[in-house]
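I opened the notebook to look up the fold of one chain, its contacts with its partner, and a residue and a helix in the other chain. The entries follow in the order in which I looked things up.

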Amino acid sequence: MNGTSIALSGFRRNADKQKKLIIAFLLIVFLFVLGQVAVSNFLSFGQVLLTIKLASFIALFGLCQMIVMVGGGDGLDLSVGYTATLTAVLTASIMNGQNANLGMALLVALAIGLLVGAANGFLAAYVKLPPLIVTLSMSLIVQGGINVYTAGADITGKPSPILQTIAAKSTGVFPNILVVLLVIAPIVMVVLSRTKWGLALLGAGTNETAAFLGGVRVKRVRFASFVISGLLASVIGLLLLGNMGLAFKDMGSNYVMPSIAAAVVGGVSMSGGEGNYFGVILGAIFLQTLTNLLVAIGWGDAGKWLGFGIVLFTLLIVYVSDRRVR
Amino acid sequence: MANNSKGARALRKYLAKPEFSTLLILVAMLILAAFLQRNFFDAKPLNRTLNAFTPLILLAMGQAVVIISGGLDLSAGTALSLLTCVMTSVMHKANPETGLYAILAAFAVAIVIGVVNGIGMGYLRIPSVIATFATSYIWLGAALFLRPTPGGESVAWFKVFYDVKVYANAPPALKAFGAAVPSALTLVLVGCIFWFVLSRTRTGRYIYAVGSNNTSAYESGINTARIQLWACVINSVFIFLAALFFVGQNQSGDARMGDPLTLRAIAAAVVGGVALAGGRGSVFFALIGAVILSLVNKIIFFANIPYAYQTLVSGVIVIIAIASSQGYTLYSRKSMARRGKLA
């Protein structure tokens, strides 16, 4: 194999990855055009900006999904939305609208994330239960915890002003949460592709056996990915609280399904080893646009879940189904 | 001497089987339940208990078929919800024959659900967990379209699927039968016979073969995709039976009623000794697993735990049940291997 052909194969592999990004982008454009035809004023500047702002939370949760998915082993984390809710419910009263209490709230948030993430990681990586079942049961437990708390006490308190500034306010027309997203995205990509841990995670996802033989402690790396997902989820819970201004029982659970769909739309491989966070952001925007469109034509909740389900299933057929082998 | 040790080895082998521990747990649970509720084994309370257990039992049996075939169905709960919504949308109270149309329509939808799931995991080879996760939202969306809020109509004679005694106009023969055998038991028995017959067919045996090793099953000439499709369709039939029971009981449809049952049905199958890896386990023991899980809930109910704790407790139970079954399987396989090496 000469240099040119190696470079060419590298380019092809790269092009293959870009293809998924381009598909996601085209899907968004298609939806916007469709929306503009069906509903007037769908494509205004303010509307697009609002869509992107709403999508940013799906994208943030999508980061959790991407990290556990990249590690392979059918990784997925269904507990993220519930972890976020629990964090928001507990920290709202701790913060009580004071910036001084933010440190304490952050500490509590990280403790919750660590606890849930470690439990998920232990059961998924070491006991080798399917992650989807583990995290689904964990969401039941966390939701149970929320129920117990809200039965005993009313949800009180407000987020600290700093959080509100980050999550809800805009600088000029530009929503601040987008800045957060644009800062995180390159960091994530660098961590995944340049650090030792990121490469170990990618390796574990690409080929478990090869990675293990190459000295990667697959179980530990996957365990860590669930812990990180839990920690991220609890911090997102703080941001969600900042965005909404108050905590309530179901504030995070509705993000779980869209976050997974966003990761799949964004080209994160279900079998692991491949993921581009910019793709996940595009996927989130696509899903939010789809929601807007369905709500605008009056299909509401039913249409949203039906649409998400069909989109996810279709993209699974396109991306995941593996008919080449036999 | 040799004979004796052979017998001991056979006994040890049997004790190491997950089935044995399942039966042991069942007996312990029954004793505990009978102790807490003194009239547990009387006809009426027993019938009520059975009614409360039936949907989970049916879903667990269906789920077991899919798990044995090497898959997992996360859409079972929302599929059940969708079927109840289909039935109550087709039926009109005033028109008894619409009940028949409802049964036909719901059965057709059930088959479609099974076929879509089966094509996803069998022919397209999407990992079953994520494929059914996606389809579960399709069923949920469709159910919400039909019935945004719980409700709908049901014909009066649908009550026979719940309890023949409740329906005054039942023909005498049916009444006599219903007095002897509760409807819930009949539905479970129908499911049992259905699987008993199927498990004696080629398809039934192939389901085990495909689940224990998909590649070698394929290489020995089994159409693995078609077998997985069959497993999903069989599961759909069990879900359909559960839907008949639910509509008979509540006379209404509910797009959200099935959600919590999915995970519990999986846990029930696992408690019954069905290996999540596929290929091992018994559908009838999944039934026992469902009974155990329901008894645990019942016992907790007797412990007077406040309502707010129920989700938490049932989540903890599910995860303990699944993790311990999995741990037990891993442990017994390891210790068997170690003994094998020593001998």
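What follows are my entries on this model, which is predicted rather than experimental.

**Entry 1, chain B overall.** I began with the secondary structure and found that chain B comes to 14 helices and 0 strands, so I noted from the definition of these runs that every element in the chain's order, read from the N terminus, is written α. I then asked what radius of gyration chain B has beside that of a compact globule with 343 residues. Chain B has 21 Å, and this agrees with the globule value, which would be near 20 Å. Taken along the principal axes, the box filled by the C-alpha atoms of chain B is roughly 75 × 50 × 45 Å. I also looked up burial, and 48% of the 343 residues of chain B count as buried. For contacts in chain B with a separation of 6 or more, I recorded that 76% come from residues 24 or more positions apart.

**Entry 2, the side of chain B that touches chain A.** Here I found 38 residues of chain B in contact with 36 residues of chain A. The elements of chain B that give two or more residues to this side are helix H6 (128-146), helix H12 (259-271) and helix H14 (310-342). Which of them gives the most? I noted that H6(B) does, with 13 residues. By residue class, the side of chain B that touches chain A divides into 29 nonpolar, 8 polar and 1 charged.

**Entry 3, A:Gly242.** I located this residue in helix H10 of chain A, residues 218-244, and asked whether A:Gly242 is buried or exposed. A:Gly242 has 24 other C-beta atoms within 10 Å, and because the cut-off for a buried residue is 20 or more, it counts as buried. Leaving aside neighbours within four places in sequence, I listed its contacts as A:Pro159, A:Leu163, A:Gln164, A:Ile166, A:Ala167 and A:Ala168. For the pair A:Gly242 and A:Leu163 I noted a C-alpha to C-alpha distance of 4.8 Å, although 79 residues separate them in sequence.

**Entry 4, helix H13 of chain A.** This helix covers residues 300-319, and its 20 residues reach 28 Å from first C-alpha to last, close to the 28 Å expected at 1.5 Å a residue. Its buried residues include A:Trp305, A:Phe308, A:Phe313 and A:Leu316. Against which helices do the buried residues of H13(A) pack? I found helix H11 (256-265) and helix H12 (277-296) of chain A, together with helix H5 (98-123) and H6 of chain B.

Conventions. Residues are numbered from 1 along each chain as its sequence is written. Chains are lettered from A and ligands numbered from 1 in the order in which they are written. This is a predicted model: local features need pLDDT of at least 70, side-chain atom pairs count only at pLDDT 80 or more; totals for chains, interfaces and linings use all residues. The radius of gyration is taken over C-alpha atoms; the globule rule is 2.2 Å times the number of residues to the power 0.38. A residue is buried if 20 or more other C-beta atoms lie within 10 Å of its own, exposed if 12 or fewer, and partly exposed in between; C-beta atoms are placed from the backbone. Two residues are in contact if their C-beta atoms, placed from the backbone, lie within 7 Å. Ala, Val, Leu, Ile, Met, Phe, Trp, Tyr, Cys and Pro count as nonpolar, Asp, Glu, Lys and Arg as charged, and the others, Gly among them, as polar. The expected span of a helix is 1.5 Å times one less than its number of residues.
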